[in-house]
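Morning, everyone. Please look at the structure on the screen, and I will walk you through a few of its features.

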Amino acid sequence: MSSSAHYLLLLAACLLVAAVGATDHIVGANRGWNPGMNYTLWSNNQTFYVGDLISFRYQKMQHNVFEVNQTGYDNCTTEGAVGNWSSGKDFIPLDKAQRYYFICGNGGCYNGMKVSVVVHPLPSPPSAAVAANKSAAPVVAPTAVKVAVAVVSSIWFGSGWI
């Protein structure tokens with residue numbers, strides 16, 4: 001196997017392991033980003049952490065997504081928006097621990113198309129337990145390891161590299 005193939009395999013494995021912990025929260029679940037939904041109820045049943053994604057699925061050209069401040073959210077205005085998306089499949093990284101506000105800027109906000117989410121910092125590892133037992137091996141989630149091994153094996157064996 002060439003060194004570039006080794007590098008690509010290693011890169012794929014690293015990216016997979018890094019991404020396994022993140023969650024993609026699809027707004028409205030299977031009903032998507034549409035008028036008449038209770039997105040407050042949906043968001044209250046989710047737990048968002050830094051590094052997660054929030055995804056909006058809707059009919060392109062009919063709806064859109066704006067990230068706004070609380071005033072924009074409360075009044076359904078896009079003035080001062082800090083981001084906007086219109087692809088119909090928008091994946092927005094939640095990269096800070098804060099409250100985010102999203103609305104539809106095509107008038108859908110007035111029909112309930114707005115959602116506010118609180119993003120929490122990542123939980124801290126149990127450092128006190130590790131400090132007390134310096135010989136403890138690092139803890140790795142078994143599911144993450146199984147998924148990473150399965151995908152890397154699939155790439156490795158399914159690509160004809162061997």
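Let's start with the sulfurs. A disulfide joins C76 to C109, with an S to S distance of 2.1 Å. Keep in mind that this is a predicted model. What do these two cysteines tie together? C76 sits in the loop between α3 and β5, and C109 sits in the loop between β7 and β8, so the bond links parts that are 33 residues apart in sequence. Are C76 and C109 buried or exposed? Both are buried. Now the handedness. The torsion about the S-S bond of C76 and C109 is about -70 degrees, so this disulfide is left-handed.

How many disulfides are there in total? The count is one. So what about C104? Its closest cysteine sulfur is in C109, at 7.9 Å, and that is too far for a bond, since a disulfide needs the sulfurs within 2.5 Å. C104 is buried too, with a relative accessible area of 2%.

Stay with C76 for a moment, because its backbone deserves a look: phi is positive, about 55 degrees, although C76 is not a glycine. The relative accessible area of C76 is 13%, which counts as buried.

M61 also has a positive phi without being a glycine, near 80 degrees. Where is M61? Look in the loop between β3, residues 53–57, and β4, residues 65–68. Is M61 buried or exposed? M61 is exposed, at 76% relative accessible area.

Next, the sheet. It is open and has five strands. Reading across, the order is β2-β8-β7-β4-β5, and the pairing is mixed. Which strands stand at the edges? They are β2, residues 48–49, and β5, residues 83–85. Each has a single partner strand, so one side of each has no neighbour in the sheet. As background, strands in a sheet pair through backbone hydrogen bonds, and they can run parallel or antiparallel.

Take β7 and β8 as an example. β7 covers residues 99–103 and β8 covers residues 114–120. The two run antiparallel, and five bridges join them. To find one of these on the screen, go to I103: its bridge partner in β8 is K114.

Now to the interior. In soluble globular proteins, nonpolar side chains tend to be buried together. Here, the largest nonpolar core has 19 residues. Which of them touch the most other members? They are W33, I54, F56, F102, V115 and V117. At least two residues of this core come from each of α2 (39–44), β3, β7 and β8. β8 gives the most, with three. Another core lies apart from this one. It has seven residues, including F66, Y73, C76 and C109. So both partners of our disulfide turn up in this second core.

Last, a word on confidence. The chain averages a pLDDT of 77, and 65% of the residues score at least 70. Which stretches fall under 50? One is residues 2–19, where the model has 14 contacts beyond four places in sequence. Another is residues 133–162, with 24 contacts beyond near neighbours in sequence. Where pLDDT is low, the predicted coordinates should not be read in detail.

To recap, we have one disulfide, an open sheet of five strands, and a largest nonpolar core of 19 residues. Thanks for listening.

Definitions and conventions:
Residues numbered from 1 in each chain as written. Heavy atoms only, no water. Pairing = 2+ DSSP bridges. Helix = DSSP H or I, 4+ residues; strand = E, 2+ residues; numbered from the N terminus. Buried < 20%, exposed > 50% of the residue type's maximum accessible area, 1.4 Å probe, protein only. Core = buried A, V, L, I, M, F, W, Y, C linked by side-chain atoms within 4.5 Å. pLDDT = per-residue confidence, 0-100. Contact = heavy atoms within 4.5 Å.
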